[in-house]
Amino acid sequence: MNRRNFIKATGFSLPLPLLAFNRAPKQKAPMRLVVVGNPYGMHPESFFPKTFGKDYKTTIELQCLDWIRDEMTIFSHIDHKMESGHNKESAFLSGILKRDASQYPDGNISLDQMIGEYLRSEVRFPTLNVSAGPSIQESWSRTGVPTPILNTTQMYNKLFNNSSASEKKAELEVWQRNQEMLKVLHGQHAYSFRNLGQDDKVQMDQYLSSLSDLNREINSMRKWQNKAKPKFNMPSFIDYEQEYNTIFDMLVLGLQSNSTRVATVTFPGQFKTRDIGLAGNYHSYTHNGKKPDAVNGLQQIEIFQLKQVSRFIKKLKAIKEPGQNGSMLDHTIVMFGSSMGYGGTHSNRNLPILLVGGGLKHKGHVDMKRKNGENTMLCNLYLSILHKFGIERESFNTSVGTVDI
């Protein structure tokens, strides 16, 4: 008879204190990252405040985020130091073009995929990449393979559709066959590895790493197969606002259910401007020649994007972090930006980057121009984000330091 039962048996009601050794240890809340991007950057005069610090005067495009300004940082003079041009957008989350990947130990792996590798065993989906239309490819594996970009329906099926018993059986059979083939391939090529020249060894090492990644991915899928997915009532939508509302609502539930902790959401270059009352196309509005009507059209597109981010942040802010003080936003870094500074000049410098939430040391509008007059490397910021996830690395791709966040 233990002490509690003994006291009950005596007829006394004497509640015992919950002693420290009986308390369940408070688990550390998971850190999450959501990156929202666009292909053409932002209109500089409408996005960047004219002053720095926490007391900056907000701009026409940042007004919708002014309610969260104490938990937001806008960075000026930060980029990848790339020459201007439309073909650089793919380097947004890596800082490296695919053609130059072989010069770096991790290839052109993107920030989201690096974190996804680290979290693979803890979530159903290491990363999610979503867009409501054809979009730039900004998410890359370390072997230079672009990660699939899901449309809205594919995102729903991935996050919320449970497989039937017969489908699960078929999946297991496919995974088993694939793992057997991966084992054979790995054995064959590993044997010949020692006879290769140095350059070939680098290529083969990347190939063998890809095989190992695939095997780990299959093991992860097997682990999660019989765990029920959360439920979500898929609404119908007729325009971009409703569709992106749906995307972000699904993402909130995906994060809340720990289905994933890392996601990218992109706005397509073929943005349906008619859905927000505009006649021209997105790209033409970036080449506005400073004509007031055209500038106004570009502002409407960019404000639409930021309002979607604001709505998403409000939802995270309203949800209490389970077992913790604060909200989900306190443990979720939301980043908005682009690898193009301004589409009107095809500039890839001074990228529009802002961070919200994540329990960071937010400082308002920060000037990242260095003493030598150069802009700070964006990968410095990415390295600091990796550190927030407990990924202790000395560098990330083109980084040359860190950023105090």
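Begin by selecting Leu111, Met114 and Ile115 in helix H3 together with Tyr382, Ile385 and Leu386 in helix H10, since these are the residues through which the two helices meet. Sorted by class, this contact of H3 with H10 has six nonpolar residues and neither polar nor charged ones. The model is a predicted one, and the tour should be read with that in mind.

Now widen the selection to the helices themselves, residues 111-119 for H3 and residues 378-388 for H10, whose axes come within 11 Å and cross at roughly 20°. Because angles under 35 degrees count as roughly parallel, H3 and H10 are therefore described as roughly parallel to each other. If you turn the view so that one helix lies in front of the other, the crossing to look for is right-handed.

The next stop is helix H7, residues 240-256, shown together with helix H9, residues 292-318; the two pack at an angle of about 30°, with their axes 10 Å apart. That angle makes H7 roughly parallel to H9, and their crossing is right-handed. To display the contact, select on the H7 side Tyr240, Glu241, Tyr244, Asn245, Phe248, Asp249, Leu251, Val252 and Leu255, and on the H9 side Phe304, Gln308, Arg311, Phe312, Lys315 and Leu316. Coloured by class, the contact of H7 with H9 shows nine nonpolar, two polar and four charged residues.

Keep H7 on the screen and add helix H4, residues 152-160, whose axis comes within 10 Å of that of H7 and crosses it at roughly 20°. H4 and H7 are therefore roughly parallel to each other, while the crossing in which H4 passes H7 is left-handed. Here the residues to select are Thr152, Met155, Tyr156, Leu159 and Phe160 of H4, which make the contact with Glu243, Thr246, Ile247, Met250, Leu251, Leu253 and Gly254 of H7. By class, the residues of the contact of H4 with H7 divide into eight nonpolar, three polar and one charged. Leu251 deserves a separate highlight, as this residue of H7 is listed in the contact with H9 and also in the contact with H4.

From the helices, move on to the enclosed space. How many cavities of 30 Å³ or more are there? The count comes to one, and the volume of this largest cavity is about 50 Å³. Select Asn129, Val130, Ile136, Gln137, Glu138, Ser139, Ile149, Thr264 and Thr266 to show the residues that line the largest cavity. Strand S4 (128-131) and strand S5 (262-266) are the elements that give two or more residues to this lining. By class, the lining of the largest cavity has three nonpolar, five polar and one charged residues.

For the last stop, go to the second largest pocket, which holds about 250 Å³ of space. Its lining is made up of 13 residues, and a good way to centre the view is to select Lys28, Ala29, Pro30, Met31 and Phe389, which lie nearest the centre of the pocket. By class, the lining of the second largest pocket has six nonpolar, three polar and four charged residues.

Terms used
Residues are numbered from 1 along each chain as its sequence is written. This is a predicted model: local features need pLDDT of at least 70, side-chain atom pairs count only at pLDDT 80 or more; totals for chains, interfaces and linings use all residues. Side-chain values use heavy atoms; hydrogens and water are left out. Axes are lines fitted to C-alpha atoms, for helices over the stretch in contact, and angles run from 0 to 180 degrees between N-to-C directions. Helices (H or I, at least four residues) and strands (E, at least two) are DSSP runs, numbered from the N terminus. Angles under 35 degrees count as roughly parallel, over 145 as roughly antiparallel, 65 to 115 as roughly perpendicular and the rest as oblique. A crossing is left-handed if the near helix is turned anticlockwise from the far one by less than a right angle, and right-handed if clockwise. Contact means heavy atoms within 4.5 Å. Ala, Val, Leu, Ile, Met, Phe, Trp, Tyr, Cys and Pro count as nonpolar, Asp, Glu, Lys and Arg as charged, and the others, Gly among them, as polar. On a 1 Å grid over the protein atoms alone, a cavity is a set of points where a 1.4 Å probe fits but cannot get out, and a pocket is an open set with protein on both sides within 12 Å along at least five of seven lines; lining residues have an atom within 4 Å of a point. Grid points are joined across faces, edges and corners, and a volume is the space filled by probe spheres set on the points.
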